[in-house]
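Trainee: I should like to request a close look at one charged pair in this model, followed by an account of how the rest of the protein is arranged around such features.

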Amino acid sequence: MEADSLALAATAPPSHTGVILIPKIPHLEFCLACRELVPEFRDRKPNALVQVAVLDAHEQGIIAYACTEVVEGTRDPLFLTGVSLSPDWPVYEESLIKLSVYDVKDKSHQTSSFLGSASFSVADLLKSKDQQLSLSLRTADDLAAVGTVVVCRLKMGEIEDGEVDHIAADTHQKCTLVCESGTTNDKDNGPLMNAVFKNPVCKVYRFQTVDSKLMLVREQMAECTLSFSIPMQLLGLFIQEDSCRIQELNDLGELSPHWDNLRRDVIARYSQLIKTYQDTLTELEKLTGPAFKPSCSKTQKYLEFIPINLHTQRMRVTCPRKTDSFYDVITVGAPAAHFQGFKNGGLQKLLSRYETEKKSYSTAYQCIYYSPENTAKAREILSTVAQLQPLISGLADRLLLAAQQRSSHTLREALKSLAEKTEQFVHALKDELVKSALLALHAARPGYVSKSQTSSQPEAHSTPTQNQSQNPNPNQTPEPDTVVCNNVAGSQSPPKRENPPPPKRQDIPHHKEYDEEEWDRVWANVAKSLNCVIAMVDKLQEQDNNKQESTPDQALADVITSHNPATDWRDQLSPLVVALKGCVSKVAERASKSMTFVLLQEAACSTPHGLQLQQRRDTVFSQALAALACGFVMRLYAGIEDKGFLRQLHSVGVVAQFESLLSTYSEEIGMLEDMEVGISDLQRVTFRITEAASDDPTNLQPTVSGRRDHYTVEVPLPLQAFQMLPDELRQGKLLQVIPVLFNVGINEQQTIAERFGDISLQERINQRNFDILETYYKSLSTKVPLECLPCFQTQTDVKELLETLGQNVVTKKRKNVEILWLAGAICRRLNGIRFTSCKSAKDRTSMSVTLEQCALLRDEHQLHKDYFVRALDCMRRHGCRIENVQKNIKCRKYAFNMLQLMAFPKYYRPPEGTYGKVDS
C-alpha cells in the first residue's frame, strides 16, 4: 500500500445540489496518538501510520483525506501529523471520520499491513469531555481489539501552561504533536486575505520548548490571484504602450527616404510584438482553474508571463502568555524566460552583447548611438510629457473656473497646483538630449543639406552630447515666439496663441542652418507664460482686497461693476491661460517628436534579435512584478495595524529580499542572469494604497498602471482598514520598494561551478545587493526611529548582522549558505518582504523554507534542541511543502537523487523516502 498517496486525494471540495439545512462545522482540527498497539507479529514493535478518511454525510462517499507520518518501533506512537478539516469541505456534526492504523514493513517500498480501525462522528468529538476521545481499534473482521487511538481537538491561540502535562499524561509520552489546520475567523483567513489569497493548505504542529512547554505552530500555504491578474494587466499595458509608440512614429511627419524606410521596419516590429502579446492575452483570458502555474508548465508559450508556482507561506506561532508571531515568505520559481530558453545566456549577458552590437549597427544605419541611459531618459521624458500636459491643461481650466466663481481661496489653490506641475514640466525638459535630438530630427527631414556641405562645422551624425551650434545665426530674424507679460497692467492686449501648422516639405528651409536657440526660447516661454498668470492672479486679488477696504457705498458700486463682463476675473485671466496652454502644447509636441526620434534610432539600430530581447525582458519583469505585488499585499495586510511599519512604509519604503538557490552552471546561469535583471527592474515600480469602492473581492484586487519606464500598483483597502492608515498613505503617497537579490547555489551543479567553472556572477550579485541593502539601512536609521522595527528574541542588532553579512559576501567559501541566512534575518528585522526561489520553487525552495521556519522556532521561540531535526523532518515529510510538490507534479516526491543530495549542505537534505526521480 502506498500510504502517502491517500493524502489529499481530492484537490477540491465536492459540490452539492439542493438546500442543506444542517449548518456546516466552520473548522475542525485534531491530533492523534495510539496506545498498546498489537502488531501482526508479537515479537516486533510496529512502525505505525494512521490513514484518515471522512465520510461525506450527504453524498455517502469516503474522501481519502490525509495520513500521518510513520512512527517507528513503538506500541504507543504519538504522531507528529494530524488532521485539519478545511472550511471548504462539507463537514457537519453527523459527519463520520474513520481512522485506519497500519504497520509499515518497508518504508522504501511502502509496504504495510492493516492493524485496525475506529470511527467517530464530529459531534462525538465536539461534545466529549475536554474534546478528547479514546477509541478502541478493531480488526477488519471486528473480532479483536488491537489497541486504542486517542483523538484530541486543537484550537489555534488557546494554549494554557498546564496543557503539556495533560497531554503527556494521556499519552504516556512527552513528545511533539503535529496536525493539519485552517480556520475562518483568524488573521490568516479573514475576508481581506481571502480576496487575494486562495485555496489554503494548512498544517498545525505542537513542539516542545526548552522549558518543557508546548507551542502551537501553524503553517499555511496559499495561491494568489495576482499570479494571473498582474501579468494580464501588464500585457494590456505593453500593447497600449507599443500602439502609442507606433502612433508617435507616424506623427513624426515626413522623413527622408532612408529614415522613412527605417521607420517602416520599426513599426513592423512593434506590430509583430503587439500581435504576439494580443494572442497571449487572448489565451490567458480563456483559462480557468487554480490560481498558480505549476512547474511542469514552465515552458508553455502562453504561460511564459505567469510566475512559476507562486505561493504564499505563513508560519504562525502561539506560545503560552505570549502574543502570536507571524513569519511570511513568498515562494516563486526564478523569474526567467523558460520558453525562450538559455542557449545564448540570460538577460544580463544578452543586454551587454546587445549594446555592443548596437554601436556597430548605428554606424551601418547612419544613426546616432544613444547609450542605455539616454534611451531611458528619452522614455522618461515621453512619459512625463504624456502625463503632465493634460494635467496642466486640466489645472488651467480649473483656474479659470475658480476665477469665474471669484473665490480667492480656490483661485490660490488652483494656481498653486498649476504652478507646481508647470515647473515640473519645464524642469523635465531642461535636458541637452532634447536639444541634440531636435537637431538630429531636423537633419532627417527630406532634402536636408548638412552643415558639412556649407561650412566646416561638425556633421549632424555625432554624439548627442556635442553642442553642434554654439552661436545662433546672426542674420536670422527672431521668431514671434516670445511671450511679453505686458497685459498685466491692462494697457495692452494679451499675446495671441500661435500654433503654426507642421511644416510641409516645401516649407522646410533646406539652406538654412538649424537654430538651437529657438528651442531655448520656446521652452523658456512656458515659464514666462506661467509668470504672467501668477502676476495677473496677484493683481486681481490685490484689487479685490482694496475693494473690501473701501467705503460701503463704494463697495456697492464695485459689486455692481464686478458683474460687468469686461472686468470679470475669468475674462482677464483667460488670454494668459490660453497662451500658457499654447506654449505647453508647442513644447510638448517638439519634445515628444525629438524623443520619439531618439527611440526610433535606438529601435532601428537593434539587432535582428532586438524584438526577442524586449519580449524576454517583458516576460521576466511580468513574473517578478506578480511576485512582488503578492508579497507587498501580504506584508501590508499583516502590518495594517502596525503604526511603526506604516510610518516606515511611507518614509523610506520597504525591502523586498529575494533569496535564490540557483547554481552558476549550465542553464541555471542563464536563469540567474534573467532573474538579476528582472529583480533590478522592480526599482521602476511604486505602490499606492487606495480606498476600495466596496468590500466585494473584485474591488480589492490590485491594479497596475504606467509604462515600461515606471509602473504603479494600486492596492485597494476596505473603508474601515483605509481609515486606519496615516494621512500620508490615505493621501496617495507613492511607496517605494527596494528589491535586493542574494544567490547561493547548493546543488551538485554548483559544486562543478565552484571547482571547475566560474562563480563571478554570484559574487557580483551578492556584493552589489549588499551595497543596496546597506544604503537602505543607513537611510532608514536617519529617518525612522528604531522603535518602529520589530523586536526579536535574539539580541543581535541589524548593524552587526550587516557587518557579518558583508564579511561573508567577500569571503571565498563554497556554498556559503550563511549569506542567505543573514540576509533573511536582516530582512525580517527591517520589516521587509521575504522571497525564496529556485528553478521551480518546489524542491530546493522547500528545503530552504522549512529550514528557515525551524531556525526561527529555535532562535525566537526556544524550540528544544532535541526536536529541531524532528521538526525539520516533519515539515518536509508532511507539511505544506510536500503538498506544494503534490500540486505541481501530482507526486509526493522531491525531485532529488542520492548523488545530488551528497552535494547539498547538510540541513538542505530531505528525509529518506521523500525524494526520487520524478518529472518536475
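Trainee: What is the relative accessible area of Glu40, and how does that residue count on the scale from buried to exposed?

Mentor: The model is a predicted one, in which local features require pLDDT of at least 70 and side-chain atom pairs pLDDT 80 or more, while totals for chains, interfaces and linings use all residues. Residues are numbered from 1 along each chain as its sequence is written, and side-chain values rest on heavy atoms, with hydrogens and water left out.

Glu40 has a relative accessible area of 48% and is therefore partly exposed; buried means under 20% relative accessible area, exposed over 50%, and partly exposed in between, with a 1.4 Å probe and protein chains only. Its salt-bridge partner is Lys105, with the closest N and O atoms 3.2 Å apart. The term salt bridge denotes a side-chain nitrogen of Lys or Arg within 4 Å of a carboxyl oxygen of Asp or Glu. Lys105 is also partly exposed, at 36%. The two residues are 65 apart and link distant parts of the chain: Glu40 belongs to the loop between β1 (28-35) and β2 (48-55), Lys105 to strand β5 (residues 96-106). Helices (H or I, at least four residues) and strands (E, at least two) are DSSP runs numbered from the N terminus.

Strand β5 also holds Leu96, which is partly exposed at 37% relative accessibility. Not counting residues up to four places away in sequence, Leu96 touches Ala53, Val54, Leu55, Phe120 and Ser121; contact means heavy atoms within 4.5 Å. The C-alpha atoms of Leu96 and Ala123 are 8.9 Å apart, with their positions 27 residues apart in sequence.

By the salt-bridge rule, the count comes to 38. Side chains of opposite charge can pair when their charged atoms come close. Whereas Glu40 and Lys105 link distant parts of the chain, Arg877 and Asp873 lie four residues apart in helix α23 (residues 868-878), about one turn of the helix. Their closest N and O atoms are 3.4 Å apart. Arg877 is buried, with a relative accessible area of 13%, while Asp873 is partly exposed at 28%. Elsewhere, Glu241, Asp242, Asp618 and Arg708 are joined into one network by salt bridges that share partners.

Another local salt bridge, with an N to O distance of 2.2 Å, connects Arg730 and Asp727. These residues are three apart in helix α17 (residues 727-730), so about one helical turn separates them. Both are partly exposed, Arg730 at 35% and Asp727 at 42%.

The interior can be considered next. The largest nonpolar core has 144 residues, of which Phe197, Phe425, Leu573, Phe687 and Leu717 touch the most other members. Such a core is a set of buried Ala, Val, Leu, Ile, Met, Phe, Trp, Tyr and Cys residues joined through side-chain atoms within 4.5 Å. Helix α12 (residues 569-604) supplies the largest share of this core, 17 residues. Leaving aside neighbours within four places in sequence, the contacts of Phe197 include Ala222, Thr312, Cys630, Val633, Met634 and Tyr637. A separate core of 60 residues has Leu80, Met215, Phe770 and Tyr867 among its members.

Helix α13 (residues 610-638) is largely enclosed by the rest of the structure, because 25 of its 29 residues are buried. At 1.5 Å a residue, α13 should span 42 Å, which agrees with the 42 Å between its end C-alpha atoms; the expected span is 1.5 Å times one less than the number of residues.

Two loop residues have an unusual backbone feature to record. Asp142, in the loop between β7 (132-138) and β8 (145-153), has a positive phi of about 60° although it is not a glycine. Gln862, in the loop between α22 (844-861) and α23, likewise has a positive phi, near 55°.

For the protein as a whole, there are 25 helices and 19 strands, and buried residues make up 56% of the 920 residues. Among contacts between residues at least 6 apart in sequence, 77% join residues at least 24 apart.
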